[in-house]
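User: Please take a close look at a single part of this structure, a strand and its surroundings, and set out how that part relates to the rest of the chain.

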Amino acid sequence: MFIVLIVTISSILSIQAQQEMLTCSRTSNTFQIPALSSVTTPSVTQPGVQGKRGPVGQKGAKGEPGIPDNEELTRLQGLINTLKEQLHNSLTDLRRMVENVEAVTQRNKNETVSLRRELLASLDTNSDWVTIFNGYQYRKTMDEGNWTQTRDACQALGGDLAWRGIQTLNIRKKLISELSLYYAWIGLTDTSEEGVWRCLDGSLASLDGTLWDRNEPNNSGGQENCAGLRENGFSNDLNCGSWSHVGLCEKKV
Ligand SMILES: *[C@@H]1O[C@H](CO)[C@@H](O)[C@H](O)[C@H]1NC(C)=O
Ligand SMILES: *[C@@H]1O[C@H](CO)[C@@H](O)[C@H](O)[C@H]1NC(C)=O
Ligand SMILES: *[C@@H]1O[C@H](CO)[C@@H](O)[C@H](O)[C@H]1NC(C)=O
Ligand SMILES: [Ca+2]
Ligand SMILES: [Ca+2]
């Protein structure tokens with residue numbers, strides 16, 4: 001009986017083993033189930049934070065310009081034209097002012113240069129030329145002669161008979177005093193046309209109205225075509241061939 005029991009038990013075990021084997025062959029499919037079923041009950045999650053606002057979109061298309069009424073348009077155009085004209089005038093004025101300033105600056109520069117030159121010339125004690133600060137230097141010829149002879153002498157000394165810088169009576173009187181002149185030929189003639197007095201460059205003599213002495217020029221004897229400076233500072237016309245006068249020479253400093 002005991003044996004029977006053992007047999008019975010062992011057969012049962014054997015069956016169980018077979019069943020286990022069968023069971024085992026199925027566990028590959030069912031094995032994970034316990035894992036799934038072992039997940040704890042999911043907790044309730046909170047909703048996410050709201051996202052940020054998107055970037056600003058592009059500007060919309062530009063609208064049509066407004067249409068001003070005609071009167072306003074005309075008024076504005078008139079205003080623009082007036083402003084344009086004023087601007088143009090202002091620019092013209094400005095340009096003129098700049099030109100004036102440039103001219104004055106240039107003139108001052110020129111005057112400074114010539115003054116410096118004259119100053120240096122006046123300090124030259126070896127020179128026979130006198131400086132009177134009118135842009136020229138003066139001297140008399142060493143010898144007396146007729147008009148042409150003294151002109152030649154002046155040219156040989158690097159100048160010519162005076163006419164450019166002796167326009168005023170003051171200057172002439174100053175020269176007469178400085179050079180102790182009694183009577184001196186100057187660079188004016190009416191040889192080319194009687195009565196029409198010209199300077200050495202052919203230009204009309206336009207001295208300041210104090211040029212001629214009283215009752216001169218009188219073309220005495222119809223033969224007086226050259227000018228001489230008298231010691232009173234005024235001039236007389238006399239015969240170009242008169243030979244007893246010095247020439248008043250002038251040269252640029
Ligand atoms: C200044 O001197 C220059 C050259 O010597 C001359 O060309 C110019 O005309 C002079 N300007 C004035 C304003 O005297
Ligand atoms: C004319 O001028 C000369 C000097 O050049 C003088 O000797 C003469 O007396 C003058 N004649 C008259 C009529 O004024
Ligand atoms: C001036 O003098 C020179 C030399 O004696 C002579 O040749 C010339 O003809 C004279 N001029 C006049 C205008 O008399
Ligand atoms: Ca004459
Ligand atoms: Ca005369």
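Analyst: Two strands are taken to pair if DSSP finds at least two bridges between them. The model is predicted, and the strand examined here is S8, residues 246-252.

The setting comes first. The protein chain holds 5 helices and 8 strands, and from the N terminus on its elements follow the order α-α-α-β-β-α-β-α-β-β-β-β-β. Of its 253 residues, 18% count as buried. When contacts between residues at least 6 apart in sequence are considered, 63% of them join residues at least 24 apart.

Strand S8 pairs with S2, S3 and S4. With S2 (residues 136-140), S8 shares 5 bridges, and the two run antiparallel; in this pairing Arg-139 is placed opposite Cys-249 of S8. With S3 (residues 160-161), there are 2 bridges, again in an antiparallel arrangement, and Asp-160 faces Glu-250 of S8. The pairing with S4 (residues 183-189) is parallel and also rests on 2 bridges; here Ala-184 stands opposite Val-246 of S8.

The burial of the strand can be stated directly. Because 5 of the 7 residues of S8 are buried, the strand is largely enclosed by the rest of the structure. A residue counts as buried here if 20 or more other C-beta atoms lie within 10 Å of its own.

Strand S8 also takes part in the nonpolar interior. The largest nonpolar core has 24 residues, and Leu-161, Ala-162, Trp-185, Ile-186 and Leu-248 are those with the most contacts inside it. At least two residues of this core are supplied by each of S2, helix H4 (147-156), S4, strand S6 (226-230) and S8. S4 gives the largest share, 4 residues. In soluble globular proteins, nonpolar side chains tend to be buried together.

Trp-185 illustrates how these parts meet. Apart from its neighbours within four places in sequence, Trp-185 is in contact with Trp-147, Thr-150, Leu-161, Cys-226, Gly-228, His-245, Gly-247 and Leu-248.

The ligand shells complete the account. Around ligand 3 are Asn-146, Thr-148, Gln-149, Cys-240 and Gly-241; by class this shell comprises 1 nonpolar, 4 polar and no charged residues. Around ligand 2, the residues are Asn-215, Glu-216, Asn-218, Ser-220, Glu-224, Asn-236, Asp-237 and Leu-238, of which 1 is nonpolar, 4 are polar and 3 are charged.

Definitions and conventions. Residues numbered from 1 in each chain as written. Chains lettered and ligands numbered in written order. Predicted model: local features only at pLDDT ≥ 70, side-chain atom pairs only at ≥ 80, totals over all residues. Near = placed C-beta within 6 Å. Nonpolar A, V, L, I, M, F, W, Y, C, P; charged D, E, K, R; others polar. Buried ≥ 20, exposed ≤ 12 C-beta atoms within 10 Å, placed from the backbone. Core = buried A, V, L, I, M, F, W, Y, C linked by C-beta atoms within 7 Å. Contact = placed C-beta atoms within 7 Å.
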